[in-house]
Amino acid sequence: MKTLLIVWHSMTGGTRQMAEAAARGAAGEVRVRLLPAPEAGPDDMLAADGYLFATPENLAAMSGLMKDFFDRSYYPVLDLVNGRPYATMICAGSDGSNAARQLARIATGWRLRPVAEPLILCTRAQTPEAILAPKTIPPEELRRCEELGAMLGAGLAMGIL
Ligand SMILES: Cc1cc2nc3c(=O)[nH]c(=O)nc-3n(C[C@H](O)[C@H](O)[C@H](O)COP(=O)(O)O)c2cc1C
């Protein structure tokens, strides 16, 4: 059975719900490893057949702990994951594009192969209170994450990704 590695970080819960939804979508088709970024590292990258990276956008960048995962993993797996498929999900207040760009740039360095457009969900939180409050992602948006997970799972299982 193929393995999909989902690496995620979340401060207020939005990205966690997105990652969990994607894992539900992929379950059954592949073995899903759903790992918080601080618990993931190069060995997990090497052991997987495809990847889903999920991060909040914080200060126009991926979150610090997500970046830490890449900082720890980048050189140990360089040239060992060439051509493997990946997708990204970003939970943002109102933008998300820069975090998506950063993830794409790292994945390009790893020679990973994008198999979907970045899935960016905006929570529309504007005030400091709203930004720091726990997030609830609406079911219809979680469905998009589940569908992305299902596509990755089915594609890996059928060997077409
Ligand atoms: C310190 C901080 C910086 C943020 N910067 C941005 C930003 O640059 N662009 C954006 O769209 N949202 C920004 N946000 C909003 C978060 O992306 C949004 O609240 C999102 O839901 C966070 O995901 P999480 O619930 O998984 O932590 C920021 C939030 C925090 C706490």
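In which strand does Thr-88 lie? In this predicted model, Thr-88 is part of strand S5, which covers residues 85-92. The surroundings of this residue, and of two other parts of the chain, are described below after the overall fold.

The protein contains 6 helices and 7 strands. Read from the N terminus, these elements follow the order β-α-β-α-β-β-α-β-α-β-β-α-α. The radius of gyration is 15 Å, close to the 15 Å given by the globule rule for 161 residues, so the protein is as compact as a globular protein of that length. The C-alpha trace spans about 45 × 30 × 25 Å along its principal axes. Of the 161 residues, 48% count as buried. Among contacts with a separation of 6 or more, 84% are accounted for by residues 24 or more positions apart.

The exposed surface of the protein comes to about 7,700 Å², and carbon and sulfur atoms supply 54% of this area. The protein carries 16 positive and 17 negative charges, and the mean positions of the two sets are 3 Å apart.

Strand S1 (3-8) includes Leu-4. Leu-4 is buried, with a relative accessible area of 0%. Not counting residues up to four places away in sequence, Leu-4 touches Ala-26, Val-30, Arg-31, Val-32, Arg-33, Gly-50, Tyr-51, Leu-52, Leu-152 and Leu-156. The C-alpha atoms of Leu-4 and Ala-27 are separated by 9.3 Å, with these positions 23 residues apart along the chain counted as their separation.

Thr-88 in strand S5 is likewise buried, at a relative accessible area of 4%; this value falls under the 20% that sets the limit for burial. With neighbours within four places in sequence left aside, Thr-88 is in contact with Leu-52, Phe-53, Leu-103, Glu-117, Pro-118, Leu-119 and Leu-148. Leu-52 is thus listed for Thr-88 and also for Leu-4.

Helix H3 is formed by residues 64-77. Its 14 residues reach 20 Å from the first C-alpha to the last, close to the 20 Å expected at 1.5 Å a residue. The buried residues of H3 are Met-66, Phe-69, Phe-70, Ser-73, Tyr-74 and Val-77. These buried residues pack against strand S1, helix H2 (42-46), strand S3 (50-58), strand S4 (61-62) and helix H4 (97-109). Strand S1, one of these partners, is the strand in which Leu-4 is found. Just after H3, Asp-79 adopts a positive phi of about 75°.

Conventions. Residues numbered from 1 in each chain as written. Predicted model: local features only at pLDDT ≥ 70, side-chain atom pairs only at ≥ 80, totals over all residues. Heavy atoms only, no water. Helix = DSSP H or I, 4+ residues; strand = E, 2+ residues; numbered from the N terminus. Rg over C-alpha atoms; globule rule 2.2 N^0.38 Å. Buried < 20%, exposed > 50% of the residue type's maximum accessible area, 1.4 Å probe, protein only. Contact = heavy atoms within 4.5 Å. Areas by Shrake-Rupley, 256 points an atom, 1.4 Å probe, with all protein chains shown as cover. Lys, Arg positive; Asp, Glu negative; His and termini not counted. Charge placed at Lys NZ, Arg CZ, Asp CG, Glu CD. Expected span 1.5 Å × (residues − 1).
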